[in-house]
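Reader: I've got a protein model open on my screen and I'm not sure how to read it. Could you walk me through a few features, one at a time?

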Amino acid sequence: MLTIAVSKGRIYEEALPLLAEAGITPVDDPKTCRKLILQTTRDDVQLVIIRATDVPTFVEYGAADLGIAGKDVLLEHGAESLYEPLDLNIACCRLMTAAHKDAPEISGRIRVATKYVKTAQRYFASKGIQAEIIKLYGSMELAPLVGLADCIVDLVDTGNTLKANGLEPRDLIMNISSRLVVNKAAMKMKHEAIASLLAQFEQTLAQR
Ligand code: AMP
């Protein structure tokens, strides 16, 4: 049996067609069913649909053999403990800094609100900018509006969320897409099954 951990929401929705090409279609819909483990049309594959930030943890500890997670989450988790063999090219967006549209360019010591604490620390250090990072778990856009931070680091897709809150994207930190990650021990112990799944995904991606 192979267990694949998939990030809830946008990534799950965009992963469904890719999984379907490999014959993997969940038997239940996680939106309407409260099951945490989803059986699929393949007897040898089950899915666990979990919070994005938990996917690398499940895979690292072998609770899932494979995972589908955003590069943003993998960067923040630290990816050394996992194999990351495939860029699935889904749920594409950008990790960016953003600030109030009327705020001056970043200079001096700044306060940054984000859920990507380590990634933001690394980014501002690489730019030689002194940044105090404030960890938030959601609604980052609010922080500059209420004076909690000078800017935020967050994912931007259409830019509509920023715009609706009077913010604008500033600097691109990294282009983001979802990646397939694999538990290191599973890669050895279940090599045949995992290699065949990887080959199926690769073939589908090449045809896109
Ligand atoms: P948008 O308004 O289209 O720029 O989307 C921005 C909002 O959607 C922010 O709250 C982001 O955190 C979230 N978001 C955008 N793209 C993704 C993605 N690929 N995965 C997860 N969240 C995303």
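Author: Let's start with the ligand, and keep in mind that this is a predicted model. A good habit is to ask which helices and strands supply the residues around a bound molecule. Here, β9 (151–156) and α6 (160–164) each give at least two residues to the shell around the ligand.

Reader: Which element supplies the largest share of the shell around the ligand?

Author: That's β9, with 3 residues.

Reader: And which residues are around the ligand?

Author: Reading along the chain, you meet Arg10, Ala91, Cys93 and Glu141, among them. Then comes the run Asp154, Leu155, Val156, Asp157, Thr158, Gly159, Asn160 and Thr161.

Reader: How many residues of that shell are nonpolar, polar or charged?

Author: The shell has 4 nonpolar, 4 polar and 4 charged residues.

Reader: What about single atoms? Where should I zoom in?

Author: Look for pairs of N or O atoms within 3.5 Å, since that's the cut-off for a polar contact. Threonine 158 uses an N or O atom of its side chain, 2.6 Å from an oxygen atom of the ligand. Aspartate 157 has a polar backbone atom 2.8 Å from an oxygen atom of the ligand. Alanine 91 also takes part through its backbone: an N or O atom there lies 2.9 Å from a nitrogen atom of the ligand.

Reader: How much of the ligand's accessible area does the protein cover?

Author: On its own the ligand has 490 Å² of accessible area, and the protein covers 77% of that. The space the ligand takes is also the largest pocket.

Reader: Alanine 91 came up there. Where does alanine 91 sit in the chain?

Author: You'll find alanine 91 in the loop between β5 and β6. That loop is a nice place to learn about phi, one of the backbone angles. The general idea is that most residues other than glycine have a negative phi.

Reader: Which residues in this loop have a positive phi without being glycine?

Author: Asparagine 89 is one of them, with phi near 60 degrees. Alanine 91 is another, with a positive phi of about 50 degrees. Asparagine 89 is in the loop between β5 (82–87) and β6 (93–100).

Reader: Is asparagine 89 buried or exposed?

Author: The trick is to compare the relative accessible area with two cut-offs: under 20% is buried and over 50% is exposed. Asparagine 89 has 55% relative accessibility, so it counts as exposed. Alanine 91 has a relative accessible area of 10%, so it is buried.

Reader: What about isoleucine 90 and cysteine 92, buried or exposed?

Author: Isoleucine 90, in the loop between β5 and β6, is buried, with a relative accessible area of 3%. Cysteine 92 is found in the loop between β5 and β6 too, but its relative accessible area is 40%, so it is partly exposed.

Reader: How do I compare separation in sequence with separation in space?

Author: Pick two residues, count along the chain, then take the distance between their C-alpha atoms. Isoleucine 90 and alanine 20 are 70 residues apart in sequence and 14 Å apart in space. Cysteine 92 and leucine 66 are 26 residues apart along the chain, with their C-alpha atoms separated by 20 Å.

Reader: Can we try a strand next? Which side chain does arginine 179 make a polar contact with?

Author: Arginine 179 lies in strand β11 (residues 178–183), and its side chain makes a polar contact with the side chain of glutamate 84 at 3.0 Å. Arginine 179 has 14% relative accessibility, so it counts as buried.

Reader: And what does the side chain of asparagine 183 reach?

Author: Asparagine 183 is in strand β11 as well, and its side chain reaches the backbone nitrogen of alanine 186 at 2.8 Å. With 8% relative accessibility, asparagine 183 counts as buried.

Reader: Now zoom out for me. How many helices and strands does the chain have?

Author: The chain has 8 helices and 11 strands. Its C-alpha trace spans about 55 × 35 × 35 Å along the principal axes. Of the 208 residues in the chain, 46% are buried.

Technical notes: Residues numbered from 1 in each chain as written. Predicted model: local features only at pLDDT ≥ 70, side-chain atom pairs only at ≥ 80, totals over all residues. Heavy atoms only, no water. Near = heavy atom within 4 Å. Polar contact = N/O pair within 3.5 Å; in protein donor to acceptor, adjacent residues only side chain to side chain. Areas by Shrake-Rupley, 256 points an atom, 1.4 Å probe, with all protein chains shown as cover. 1 Å grid on protein atoms, 1.4 Å probe; cavity = no way out; pocket = protein on both sides within 12 Å on 5 of 7 lines; lining within 4 Å. Sits in = over half its atoms within 2 Å of the grid points. Helix = DSSP H or I, 4+ residues; strand = E, 2+ residues; numbered from the N terminus. Nonpolar A, V, L, I, M, F, W, Y, C, P; charged D, E, K, R; others polar. Buried < 20%, exposed > 50% of the residue type's maximum accessible area, 1.4 Å probe, protein only.
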